[in-house]
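Trainee: I'm new to this structure and would like a close look at a single part of it. Could you take me through the pocket and the pieces around it?

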Amino acid sequence: QAYNCKDKSYTNKVIQKKEVLIIEGVYSSKTSFGKYYDILLYTDIKKSKQHKRLKERNSTLYERFIKEWLPQEDLYFIEEETKKKANMILSFYKVNL
């Protein structure tokens, strides 16, 4: 099932076998999924940018994101060793030269 954050609903999806299949999401790097993946990419973002995007996406739930969900995500990344397992880390930091 795929989850849609905007309308808070799940939809059933049938996935055809393809050459490339991209699975995304915070909890998509579970160790138990590893045998199904050829490559794990980790995307990194500054906390300030992440907080700004969360506030823009849903200001009503912003405090809950900060106090509840983000700490759970951080713990998940530590427990699953997501960065360590990643084949590539994509960092989205503005570089001033």
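Mentor: Happy to, and let's begin with how far to trust what's on the screen. This is a predicted model, and among the elements of the protein the lowest mean pLDDT, 75, belongs to strand E1 (residues 2-4), while the highest, 94, belongs to helix H2 (residues 62-80). For the protein as a whole the mean pLDDT is 85, with 94% of the residues reaching 70 or more.

Now to the part you asked about. The largest pocket holds about 2,500 Å³ of space. Its lining is made up of 49 residues, and Glu24, Gly25, Val26, Tyr27 and Ser28 are the ones that lie nearest its centre. Sort that lining by character and you get 27 nonpolar residues, 14 charged and eight polar. Several elements pitch in: E1, E3, helix H1 (47-57), H2, H3 and E4 each supply at least two residues. H2 gives the largest share, with seven residues. So far, then, a helix with the highest mean pLDDT is also the one giving the pocket's lining its largest share.

Let's go round some of those contributors, beginning with the strands. Strand E3 covers residues 41-45, and its two faces aren't alike: Tyr42 and Asp44 sit on the covered face, whereas Leu41, Thr43 and Ile45 are on the uncovered one. That back-and-forth pattern fits a general rule, which is that side chains in a regular strand alternate between the two faces of the sheet. E3 has a partner in strand E4 (residues 88-92), and the two run in the parallel sense over five bridges. If you want one bridge to find on screen, look for Ile45, whose partner in E4 is Phe92.

Ile45 also leads us on to helix H1. Gln50 lies in that helix, and, leaving aside neighbours within four places in sequence, Gln50 is in contact with Ile45, Leu70 and Glu73. Is Gln50 buried or exposed? Its relative accessible area is 17%, and the cut-off for buried is under 20%, so Gln50 counts as buried.

From H2 we move along to its far side. Glu81 is in the loop between H2 and H3, and there's an oddity here: Glu81 has a positive phi of about 55° although it isn't a glycine. Most residues other than glycine have a negative phi. With a relative accessible area of 41%, Glu81 is partly exposed.

Thr82, by contrast, lies in helix H3 (residues 82-85) and is buried, with a relative accessible area of 3%. What is Thr82 in contact with, once neighbours within four places in sequence are left aside? The list is Ser29, Leu40, Tyr42, Tyr76 and Phe77. You've met Tyr42 already, on the covered face of E3.

Two loops round off the tour. Thr60 is found in the loop between H1 and H2, and at 72% relative accessibility Thr60 counts as exposed. From Thr60 to Pro71 is eleven residues in sequence and 18 Å in space, C-alpha to C-alpha. Back towards E1, Cys5 has its place in the loop between E1 and strand E2 (9-11), and its 48% relative accessibility makes Cys5 partly exposed. Cys5 and Lys84 are 79 residues apart in sequence, and their C-alpha atoms are 28 Å apart in space.

Terms used
Residues are numbered from 1 along each chain as its sequence is written. This is a predicted model: local features need pLDDT of at least 70, side-chain atom pairs count only at pLDDT 80 or more; totals for chains, interfaces and linings use all residues. Side-chain values use heavy atoms; hydrogens and water are left out. pLDDT is the predictor's confidence in each residue, from 0 to 100. Helices (H or I, at least four residues) and strands (E, at least two) are DSSP runs, numbered from the N terminus. Buried means under 20% relative accessible area, exposed over 50%, partly exposed in between (1.4 Å probe, protein chains only). Two strands pair if DSSP finds at least two bridges between them. Contact means heavy atoms within 4.5 Å. On a 1 Å grid over the protein atoms alone, a cavity is a set of points where a 1.4 Å probe fits but cannot get out, and a pocket is an open set with protein on both sides within 12 Å along at least five of seven lines; lining residues have an atom within 4 Å of a point. Grid points are joined across faces, edges and corners, and a volume is the space filled by probe spheres set on the points. Ala, Val, Leu, Ile, Met, Phe, Trp, Tyr, Cys and Pro count as nonpolar, Asp, Glu, Lys and Arg as charged, and the others, Gly among them, as polar.
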